[in-house]
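Trainee: I'd like to learn how to read the features of a model like this one. Could you take me through it step by step?

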Amino acid sequence: MRIRLFVQRIFAFSIIFLALCGCQSAEESGSGMVLWYNSPATDWSTEALPIGNGRLGAMVFGDPAHERIQLNEDSMWPGGPDWGNAQGNRADLEKVRALLVAGKAHEADKAWVGQFSHKSIIRSHQTMGDLFLDFGDREISEYRRQLDLDSSLVTVSYNTGAGRFTERIFASSPHNAMVLELATTDATGIDLSLHLSRPEDDGRPTVVVTTPSNNEILMEGEVTQYKGKHFSKAEPIDYGVKFQTRLKVNNEGGTVSASEGRLALKGVKKATIYIVAATSYYHDDFKAKNEADLQSVSNVSFNEILKAHVDDYQELFKRVDLDLGGHELDSLPTNVRLERIKSGQSDPDFVAKQFQFGRYLLISSSRPGTNAANLQGIWNEYLQAPWNADYHLNINLQMNYWPAEVTNLSELHEPLFDFTERLMDRGKITAKEQYEMRGFVAHQATDFWAPAWMRAEQPYWGAWVGGGGWLMQHFWDHYQFTKDESFLRNRAYPAIKESALFYLDWLMKDPRDGKWISAPATSPENSYIAADGKSAATVLGTAIDQQIIEEVFTNALAAASILNIEDEFVKEVREKLVDLRPGIVIGPDGRILEWDRPYDEAEKGHRHMSHLYAIYPGNTITREGTPDWFDAAKKSTEYRLANGGAGTGWSRAWLINLSARLQDADEVEKHVDLHLQKSIVPNLFDMHPPFQIDGNFGFTAGIAEALLQSHTDNIHLLPALPKNWPSGSVNGLKARGNLTIDIYWKDGLLEKIKVLPKISGSYKFKYKNSVKTIDLNEDESYVITKKEIEE
């Protein structure tokens with residue numbers, strides 16, 4: 001293949017682009033939110049561009065000769081809601097606790113995993129397959145590939161010998177389909193062949209592909225995992241979600257013909273390709289649903305579907321705008337800008353794009369009625385993804401949803417609540433049968449089928465009971481941001497209550513001081529040095545367990561008070577909270593203890609900073625309310641970093657948020673830069689490595705946290721503004737209490753804010769050391785200047 005790609009300045013290219021294909025440039029359309037490149041993608045995880053409508057997604061390569069569009073659907077999972085609910089029993093638990101009390105940590109580690117864990121699991125989210133478009137070798141020039149974040153549209157364009165070719169593709173939520181348009185100005189039209197395929201599963205075909213008509217392809221199968229694993233042993237899974245993918249081509253000019261599962265297009269001036277998919281998870285008669293969707297969408301023009309898609313998408317995306325300046329660098333390809341950042345140069349507008357890319361990904365992977373975004377959102381090219389592309393509950397799933405409320409995408413939280421309620425159903429059975437306890441339990445990881453049992457090969461990884469409690473924070477935060485009392489009554493309080501019931505039964509009296517503790521307890525994925533000099537995982541109470549349990553109890557009481565509930569459950573929580581061991585204990589070196597005693601860490605720079613949960617995403621530690629704890633938290637982050645911490649993308653994203661809560665603008669700036677330099681790749685995906693989407697979402701949340709905080713009684717404006725964002729604005733962020741806030745600053749100082757409250761009340765606004773209480777009326781817009789706050 002011969003491809004001649006000429007890199008030109010975008011301004012010169014824009015003239016050609018407008019003249020030859022009739023499309024607006026990013027500049028003329030008013031959108032600066034464009035990621036663009038002057039060469040095709042060759043690598044899935046670092047270069048291909050994602051599209052999605054919450055359920056359906058694709059990764060677009062833009063190859064002029066052999067285009068690949070990798071397809072995804074969020075319910076493509078093998079197996080079912082099986083493999084039981086319980087492993088081990090209450091007597092086994094008491095034996096583990098007795099070993100810990102006796103100081104036999106290693107024996108407790110072994111028994112904890114040995115009696116209760118399902119060990120290593122392979123049961124993975126899977127690719128739906130690929131759409132390949134073969135054009136043959138052609139000489140091309142003036143190549144451009146872009147993702148417009150403002151319209152959720154991928155466009156590929158280039159010159160061929162006698163005309164301009166364009167490819168446009170998007171995933172529509174209103175039409176429940178992905179739509180691809182191919183067009184050319186070449187009078188002879190386009191020649192290509194296209195086909196659908198899916199990888200084999202351990203040598204076995206996974207789909208049957210047919211052409212039911214001259215312009216359609218049908219691919220159907222069942223998700224299997226013949227290299228599955230359960231209890232660390234091979235367990236082939238020969239059943240799973242059934243699916244059907246359908247494709248239809250409508251053409252202008254030329255011909256379309258079918259043969260052996262492929263379509264051939266000859267001399268076509270324009271082709272619109274409609275792609276729909278349905279599964280047995282969502283619909284009993286998924287084939288009929290797919291037929292209806294295909295018939296509906298294929299009777300509508302590309303431009304009509306595009307307009308409906310853009311209107312739907314922008315209703316979410318355009319709620320927030322972040323302007324940090326530096327737009328002149330839009331003339332450079334995105335990968336070139338990223339290389340500049342990696343060499344140490346500043347690019348605040350790239351930060352704004354990365355922030356908005358996180359919002360784009362959440363809109364594209366989590367919509368009401370879809371499944372929760374997994375470790376890779378919805379994008380996955382494998383039958384066996386890294387870590388199964390499942391749900392890790394020790395930060396990763398939760399981090400996916402950190403930006404949901406503050407960046408004004410509250411309804412996108414719903415799939416997490418839906419999933420958690422499914423997890424609760426199975427977690428109640430696990431709590432009862434496995435531990436003989438009330439409420440629901442969830443351990444460190446789960447998957448699409450929502451099993452609540454433990455999966456851990458080693459005690460430090462997975463042997464943890466805090467996953468369910470951490471999820472409760474999202475229910476409470478959703479209420480705090482929206483003040484939706486119906487949600488609190490019908491969903492949040494029932495969920496928090498079930499979690500609290502489990503912890504009420506789970507806590508044991510520490511024989512050393514008589515305090516209520518979680519045991520056996522671990523600090524996720526970390527270990528300490530036991531008395532014999534060897535690493536161990538389990539103890540009698542860890543910081544994160546105690547912090548989460550205190551938070552669950554506190555939020556249960558707060559919710560009950562709002563709902564005017566006073567019963568035996570509330571009384572029991574109140575009584576147990578009094579003697580709950582604090583989750584924040586300052587050690588002899590001034591740091592917060594991660595375990596129950598000041599042990600040496602096996603890995604001093606560990607990526608998880610679980611003992612700092614109480615400062616972020618929790619809110620127990622604040623500068624004004626708990627200054628000693630605040631200083632200890634800062635020392636803890638400094639120690640982690642001094643020993644090589646934040647090695648992964650999501651860990652660095654967590655540090656951005658922690659630094660923002662610590663009101664350390666310099667540290668925010670440093671970690672934003674390091675995150676871009678070390679963890680972000682040309683398509684803006686975050687690398688663990690490999691690709692793991694939580695770092696993208698954590699980054700977006702961290703930028704918002706640096707600009708606006710509302711977790712205390714004050715609405716704190718610009719609490720951690722980096723020096724390299726001297727002037728700018730952000731519009732549409734949300735504060736707790738259901739306020740929408742725009743913030744404007746210049747030369748590093750606040751100028752004014754615009755506030756739109758949904759609830760009348762008195763609100764405290766803080767800027768630097770000044771706090772101003774202002775009465776606001778619902779649905780009235782207010783402009784408040786820096787001077788007014790400082791008066």
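Mentor: Gladly, and let's begin with strand pairing: two strands pair if DSSP finds at least two bridges between them. Helices (H or I, at least four residues) and strands (E, at least two) are themselves DSSP runs, numbered from the N terminus. Here, strand β1 (residues 34-37) and strand β6 (residues 141-148) run antiparallel and are joined by four bridges. Valine 34 stands opposite aspartate 148 in β6.

Trainee: Before we go on, what kind of model is this?

Mentor: This is a predicted model, in which local features need pLDDT of at least 70 and side-chain atom pairs count only at pLDDT 80 or more, while totals for chains, interfaces and linings use all residues. Residues are numbered from 1 along each chain as its sequence is written, and side-chain values use heavy atoms, with hydrogens and water left out.

Trainee: Which way do the side chains of β1 point?

Mentor: In a regular strand the side chains alternate between the two faces of the sheet. In β1, Val34 and Trp36 point one way and Leu35 and Tyr37 the other, and all are buried. Buried means under 20% relative accessible area, exposed over 50%, and partly exposed in between, with a 1.4 Å probe and protein chains only.

Trainee: Why is strand β4 largely enclosed by the rest of the structure?

Mentor: Look at the burial along the strand: seven of the eight residues of β4 (residues 66-73) are buried, so the rest of the structure largely encloses it. Strand β3 (residues 56-60) runs antiparallel to β4, with five bridges between them, and glycine 57 stands opposite asparagine 72. These two strands form a hairpin with five residues between them, and glycine 62 in the turn has a positive phi of about 75 degrees. β4 also pairs with strand β5 (residues 129-134) in the antiparallel sense, over six bridges. There, glutamine 70 has aspartate 130 of β5 as its bridge partner.

Trainee: How do I read a bigger arrangement of strands?

Mentor: Follow the strand order. Five strands form an open sheet, β19-β28-β29-β30-β33, with antiparallel pairing. β19 (321-323) and β33 (782-785) are at the edges with a single partner strand each, so one side of each has no neighbour in the sheet. From one strand to the next, the twist averages 20 degrees. β19 is joined to strand β28 (residues 728-735) by three bridges, and aspartate 323 has serine 729 as its bridge partner in β28.

Trainee: And what about two helices that pack together?

Mentor: Axes are lines fitted to C-alpha atoms, for helices over the stretch in contact, and angles run from 0 to 180 degrees between N-to-C directions. Helix α13 (residues 485-506) and helix α14 (residues 543-562) pack at about 140 degrees, with axes 9 Å apart. Angles under 35 degrees count as roughly parallel, over 145 as roughly antiparallel, 65 to 115 as roughly perpendicular and the rest as oblique. The two helices α13 and α14 are therefore oblique to each other.

Trainee: Finally, is leucine 294 buried or exposed?

Mentor: Leucine 294 is buried, with a relative accessible area of 0%, and its place is in helix α5 (residues 286-297). Contact means heavy atoms within 4.5 Å. Leaving aside neighbours within four places in sequence, leucine 294 is in contact with Glu216, Arg246, Lys248, Tyr274 and Val276.
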